[in-house]
Amino acid sequence: MDEPIDIDALQTLVQQHRAHLGLSLRAAAEQADVPFNTLARVEKGHLPDLANFTRIVDWLGLPPERFFQPTRFRTESTPDVIAYHLSRDPNLTEAAAEKIAGLVKELYGSLAVRETEVKVHLRAASTFTPQASRMLTDLLSAMQSKLMASGAGESARGGG
């Protein structure tokens, strides 16, 4: 994602809109109030200047932000990644992409296995629940086992 604007989506939508209206490239450029060469370059996947981008987006009847991409997209949420890709699909309307993303998020939330996180402050007796006590015991036991295993390995190698 080197470009700040999703030129692939712009290219596809310009081509589709022009075909839907049954216009030649020259007629579409005139209707959009942009130079013929500019619209031809957009249909080949080139980024127009800001003024022409604004005119083309107005001609398409879409908000300009629909084409803006984040410079870096990072997420740790699977439903967010899926929603992002659905929103970029030229075959889906914005409403359809949002509806599918909502369904994915709902299904993911009900089917994904999540670890329960318990925060414990050892000086606060009210937060030290039986569940926290068991988790702390399990954690300390696992740590002791690993330490014993690594210590036994070092002793066997003559390092302990």
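E43 counts as buried in this predicted model, because its relative accessibility is 12%, under the 20% cut-off. This glutamate sits in helix α3. If you leave aside residues up to four places away in sequence, E43 touches Q11, V14, Q15, R18 and L25.

**Helix α3 and its cover**

Helix α3 spans residues 36-43. E43 shares its buried status with T38, L39, A40 and V42 of that helix. What lies over these residues? The cover of the buried residues of α3 includes α1 (7-21), α2 (25-32) and α4 (50-60). Just after α3 you will find G45, which takes a positive phi of about 100 degrees.

The pairing of α1 with α3 is worth following in your viewer. Their axes come within 8 Å and cross at roughly 115 degrees. On the α1 side, the contact is made by L10, Q11, V14, Q15 and R18, while α3 brings L39, V42 and E43. Sorted by class, the residues of this contact are four nonpolar, two polar and two charged.

**Helices α5 and α6**

Now to another helix pair. Helix α5 covers residues 78-87 and helix α6 covers residues 94-111. They pack at an angle of about 165 degrees, with their axes 9 Å apart. That angle makes α5 roughly antiparallel to α6, because angles over 145 degrees are counted that way. The crossing of α5 past α6 is right-handed.

Which residues make this contact? From α5 come T78, P79, I82, A83, L86 and S87, and they meet A97, I100, A101, V104, K105 and Y108 of α6. By class, this contact has nine nonpolar, two polar and one charged residues.

Here are the two helix pairs set out together:

| Helix pair | Axis distance | Angle | Residue classes in the contact |
|---|---|---|---|
| α1 and α3 | within 8 Å | roughly 115 degrees | four nonpolar, two polar, two charged |
| α5 and α6 | 9 Å | about 165 degrees | nine nonpolar, two polar, one charged |

**The buried face of α5**

Which residues of α5 are buried? They are P79, Y84 and L86. Looking down the axis of α5, you would see its buried residues fall within an arc of 165 degrees, so they line one face of the helix. These buried residues pack against α6. Two of the names are already familiar, since P79 and L86 also appear in the list of α5 residues that contact α6.

Conventions
Residues numbered from 1 in each chain as written. Predicted model: local features only at pLDDT ≥ 70, side-chain atom pairs only at ≥ 80, totals over all residues. Heavy atoms only, no water. Axes fitted to C-alpha atoms, helices over the stretch in contact; angles between N-to-C directions. Parallel < 35°, antiparallel > 145°, perpendicular 65-115°, else oblique. Left-handed = near helix turned anticlockwise from the far one by under 90°. Contact = heavy atoms within 4.5 Å. Nonpolar A, V, L, I, M, F, W, Y, C, P; charged D, E, K, R; others polar. Buried < 20%, exposed > 50% of the residue type's maximum accessible area, 1.4 Å probe, protein only. Arc of directions from axis to C-beta.
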